Amino acid sequence: KDFVFNINRRYPIAKVELFYSLVQGEEAPKELILSLEKAISSKPDVIIIGRGGGSVDDLEAFDDENLVRAIYNCPIPVISAIGHEINLSLCDLVADKHASTPTGAAELAVPNIIDVIDEINQKSNYLDSLINYRLTSMEKRLYEIKSHKVFSSIDSIFNVYQERIVKNNILLDNLISSIYD
């Protein structure tokens, strides 16, 4: 529950699928491999294999050669979070990433939504600045052309371009507004 809570807290739009299995005992490695295969078939972005702490004997299933090979050969990135900080299993060593706790795995697996929103806002502001700069440059250039004596007699052409700029400004404002909505 702590793991799912932390995923949802950091990145509420993440889709989390849980695949349960035994995590200790003689049958645990086989069940863990079956759960890993089910997880692979659902084609997630990342797989986290984890459990809370326990004694060395409790974590023995995560040193099973077949499970270690299955994780090593997994086509999807695997984060291992087995036990607590003091525990280390062979699965931890072959996984793509290792977290010292399941909560740490949640933090590795998903970004913080606040950081994502900040980055989107920064890029949006940057694009807005670029668009405004370009529009201002075009408008300035248009005025320069209009003021040239060759074009002074063709106010009607200027008016057409000026209307286009106004329309483009409205379209861009609507586009930018739709990004924020």
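This note sets out the sheet, the nonpolar cores and one surface patch of a predicted model.

1. The sheet. Three strands form an open sheet in the order E1-E2-E3, and their pairing is parallel. Strand E1 (47-51) and strand E3 (97-98) occupy the edges; each has a single partner strand, so one side of each lacks a neighbour in the sheet. In general, the strands of a sheet pair through backbone hydrogen bonds, in either a parallel or an antiparallel sense.

2. The pairing of E1 with E2. These two strands run parallel to each other over five bridges. Two of the residue pairs may be named: Ile47 has Val78 of E2 as its bridge partner, and Gly50 has Ala81 of E2.

3. The two faces of E1. The covered face of E1 consists of Ile47, Ile49 and Arg51. The uncovered face consists of Ile48 and Gly50. Of the residues on the covered face, Ile47 and Ile49 are also among those with the most contacts inside the largest nonpolar core.

4. The largest nonpolar core. This core has 19 residues. Besides Ile47 and Ile49, the residues with the most contacts inside it are Phe62, Leu67, Ile71, Val78 and Cys91. Two or more residues come from each of H2, strand E1 (47-51), helix H3 (65-72) and strand E2 (78-82). The greatest contribution is that of H2, with five residues.

5. A separate core. Another core, of six residues, lies apart from the largest one. Its members include Ile7, Tyr11, Ala106 and Ile113.

6. The surroundings of Cys91. When neighbours within four places in sequence are left aside, Cys91 is in contact with Phe62, Leu67, Val68, Ile71, Ser80 and Ile82. Phe62, Leu67 and Ile71 appear, like Cys91, among the residues with the most contacts inside the largest core.

7. Ser80 in strand E2. Ser80 is placed in strand E2. Ser80 counts as buried because its relative accessibility is 0%, and buried means under 20%. Again leaving aside neighbours within four places in sequence, Ser80 is in contact with Ile49, Cys91, Asp92, Ala95, Lys97, His98 and Ala99. Ile49 belongs to the covered face of E1.

8. A nonpolar surface patch. Val16, Leu18 and Tyr20 make a nonpolar patch of about 320 Å² on the surface. Val16 is located in the loop between helix H1 (2-10) and helix H2 (28-41). With a relative accessibility of 31%, Val16 counts as partly exposed, a class that lies between the 20% limit for buried and the 50% limit for exposed.

Note on methods:
Residues are numbered from 1 along each chain as its sequence is written. This is a predicted model: local features need pLDDT of at least 70, side-chain atom pairs count only at pLDDT 80 or more; totals for chains, interfaces and linings use all residues. Side-chain values use heavy atoms; hydrogens and water are left out. Patches are made of residues with over 30% relative accessible area and no salt bridge: like charges are joined within 9 Å, nonpolar side chains (Val, Leu, Ile, Met, Phe, Trp, Tyr) within 5 Å. Accessible areas come from the Shrake-Rupley method with a 1.4 Å probe; for residues, only the protein chains shown count as cover. A salt bridge is a side-chain nitrogen of Lys or Arg within 4 Å of a carboxyl oxygen of Asp or Glu. Helices (H or I, at least four residues) and strands (E, at least two) are DSSP runs, numbered from the N terminus. Buried means under 20% relative accessible area, exposed over 50%, partly exposed in between (1.4 Å probe, protein chains only). A nonpolar core is a set of buried Ala, Val, Leu, Ile, Met, Phe, Trp, Tyr and Cys residues joined through side-chain atoms within 4.5 Å. Contact means heavy atoms within 4.5 Å. Two strands pair if DSSP finds at least two bridges between them.
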